[in-house]
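Me: I should like a close look at a single part of this protein, set within the rest of the fold. Please take the sequence and structure below as the starting point.

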Amino acid sequence: MTATLAPPVRIGRAAVGALGMLAVATGALESVVTPTLPLLQRELDMSPSEGALLSIVLLITGALVTPVAGKLGDRYGGKRILIRLMAVVCVGGLVSALAPNLPVLLLGQVLQGAMVGALPLSFILVRKHLPAGESKVAIGVVSGLFVGGGMAGTLSAGPVAEGLSRHWMFALPTIAVIGSTALVNRLMPHDPPGRSDDAGIDWPGLLLLSGTLVTLMLVLALAPDVASQPLVLGALVLLLAAFAGGWIAVERRATSPMVDLSMLARPAVWKSCVLTFVICVGTSVAVYLVPQLFAVPSDEYGFGASATAIGFFLLPGAVAASLAGPISGIGARRYGSRAVVTAGVVLMVTALIALAAVHTEVWHLVIGKVMIALANGLCVTALVTGTATSVEQGDTGIATSLVLVTRVLGYAVGAQVSGALLTAATPSGSDVPAESAFVTGFAIAAAVTALSLLVTRTMSKGAKE
């Protein structure tokens, strides 16, 4: 009994440093696909729709893994689950590195998605083993290093893929993940398991949501080819409806649902979910289309940029995204969350319209991507914070998980629609889609994002200090 009540072992800078190294490595591994997607599409003979699927599958897996990882961490101990998750990530990285074709690479990305659940577990460990003041600093350091790792991956993926091969751009950060995981295992003390949740994990809900998301992606990917395979697409639409209906039914009856749908009845929550979905649709269109436009040959209407150049062009957007969180927090304290979200939506709509109208110079795309990354960070941070503070403390996890799921759906739908537009606009025998597909994509994203202003007007202003 005495042992169970004893305070957890205090950790030193070495253990926090190991978590920071792990954050850098996972951030780098997570970010290598975006700047090299045109290169991967060429080498693996992927259509734009297949490329869109590759760009989001890691995020989908992460959204499914994160809530389960949290419950398992409470039940069996944060370190134990973190090490096992990272073992899955390492296997995924090696599978991606050795992948000879798209199906194997997709499998590797699915396994790598476990890394999304690792960062919250790192925060749990820091909070358990450090006093409150020091834990806040440590969490900030680990978060910052994860963002820094993402920037390093964005910059290095292109040169590694072009100088060595696409295999090494996955292999090198995976080796770093393996080494940093070993350090965490050695330096981080075990944390005692928490009290078990009698309701357990909502496995049926998890499986049905997985089926819903995967089927939705397949429907969007096959939509451009509806004329050639209408029966297959029709069958997938029916399957999607069955998965979605089954998931809703299971979640409404589950004792401890993965996503508590009754929470959606609360205005603050459903408004945040709607806004998050719409804003992430707009963001993901730019995330997918801008690198594709950079890669279009210069003798057409693009810039013929290499993977290395694309990484440099995307870096300012990554910097803007890292600054958006603190800026959003300051703005919400001073002006309220509604003002921050409204400003972010207006900024994003302006950037998308500008990209649709003018994209003839590299700096047009760079500035547009910076504005969209900043707008997305402003909005999502304010929405997550506003949602978390609008419900009872015990409902925080449920409410924010709803926002997480809608965020993933927004990214997935936006990317797949963008890929479908490019696929439909690519003439037979050509690898270059019509320029009008990019204009249409940016314009649709702007129109959809602008509709969110109808919801922001009804939001609570949010607390100001």
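Which residue with a positive phi follows helix 3? Please describe helix 3 and its surroundings as well.

Reply: The residue is Asp-45, which follows helix 3 and has a positive phi, near 55°. The model is a predicted one, and every value below is computed from it.

Helix 3 itself spans residues 33–43. Eight of its eleven residues are buried, so the helix is largely enclosed by the rest of the structure. The buried residues are Val-33, Pro-35, Thr-36, Leu-37, Pro-38, Leu-39, Leu-40 and Gln-41. Glu-43, by contrast, counts as partly exposed, because its relative accessibility is 46% and the buried class requires under 20%.

Glu-43 is also where helix 3 takes part in a salt bridge. Side chains of opposite charge can pair when their charged atoms come close. Here the partner of Glu-43 is Arg-166, and the closest N and O atoms of the two are 3.1 Å apart. Arg-166 belongs to helix 9 and Glu-43 to helix 3, so the pair ties together parts that are 123 residues apart in sequence. The two partners differ in their cover: Arg-166 is buried, with a relative accessible area of 8%, whereas Glu-43 is partly exposed at 46%. The count of salt bridges in the model comes to one.

Helix 9, on the other side of this bridge, covers residues 166–187 and also holds Trp-168. Trp-168 counts as partly exposed, at 42% relative accessibility. Together with Leu-164, Leu-172 and Ile-175, Trp-168 makes a nonpolar surface patch of about 400 Å².

The interior may be considered next. The protein has 18 helices and zero strands, and buried residues make up 51% of its 465 residues. The largest nonpolar core contains 112 residues, among which Leu-82 and Phe-442 touch the most other members. Helix 4 (residues 48–76) supplies the largest share of this core, namely twelve residues. Leaving aside residues up to four places away in sequence, Leu-82 touches Leu-19, Leu-22, Ala-118, Leu-121, Ser-122, Leu-125 and Val-184. A second, separate core has five residues, including Met-263, Val-269, Cys-273 and Val-403.

Contacts across the sequence can be described for the whole protein too. Of the contacts with a separation of 6 or more, 81% are between residues 24 or more positions apart.

Aromatic pairs complete the picture. A pair of aromatic rings is described by the distance of the centres and the angle of the planes. The count of such pairs comes to three. In one of them, the rings of Phe-294 and Phe-303 have centres 6.1 Å apart and planes at 55°, so the pair is tilted. Another joins Tyr-301 and Phe-438, whose centres are 6.0 Å apart and whose planes stand at 65°, so this pair is edge-to-face. Tyr-301 sits in the loop between helix 12 (267–295) and helix 13 (307–335), while Phe-438 is in helix 17 (residues 435–451), so that the pair links distant parts of the chain, 137 residues apart. Both Tyr-301 and Phe-438 are buried. Phe-294 is likewise buried, with a relative accessible area of 0%, and Phe-294, Phe-303 and Phe-313 form one aromatic cluster.

As to the outer surface, the protein exposes about 20300 Å², of which carbon and sulfur atoms supply 67%.

Key
Residues numbered from 1 in each chain as written. Predicted model: local features only at pLDDT ≥ 70, side-chain atom pairs only at ≥ 80, totals over all residues. Heavy atoms only, no water. Patch = residues over 30% accessible without salt bridge, like charges linked within 9 Å, V, L, I, M, F, W, Y side chains within 5 Å. Areas by Shrake-Rupley, 256 points an atom, 1.4 Å probe, with all protein chains shown as cover. Salt bridge = Lys/Arg side-chain N within 4 Å of Asp/Glu carboxyl O. Helix = DSSP H or I, 4+ residues; strand = E, 2+ residues; numbered from the N terminus. Buried < 20%, exposed > 50% of the residue type's maximum accessible area, 1.4 Å probe, protein only. Phe/Tyr/Trp six-rings, centres within 6.5 Å; stacked < 30°, edge-to-face > 60°. Contact = heavy atoms within 4.5 Å. Core = buried A, V, L, I, M, F, W, Y, C linked by side-chain atoms within 4.5 Å.
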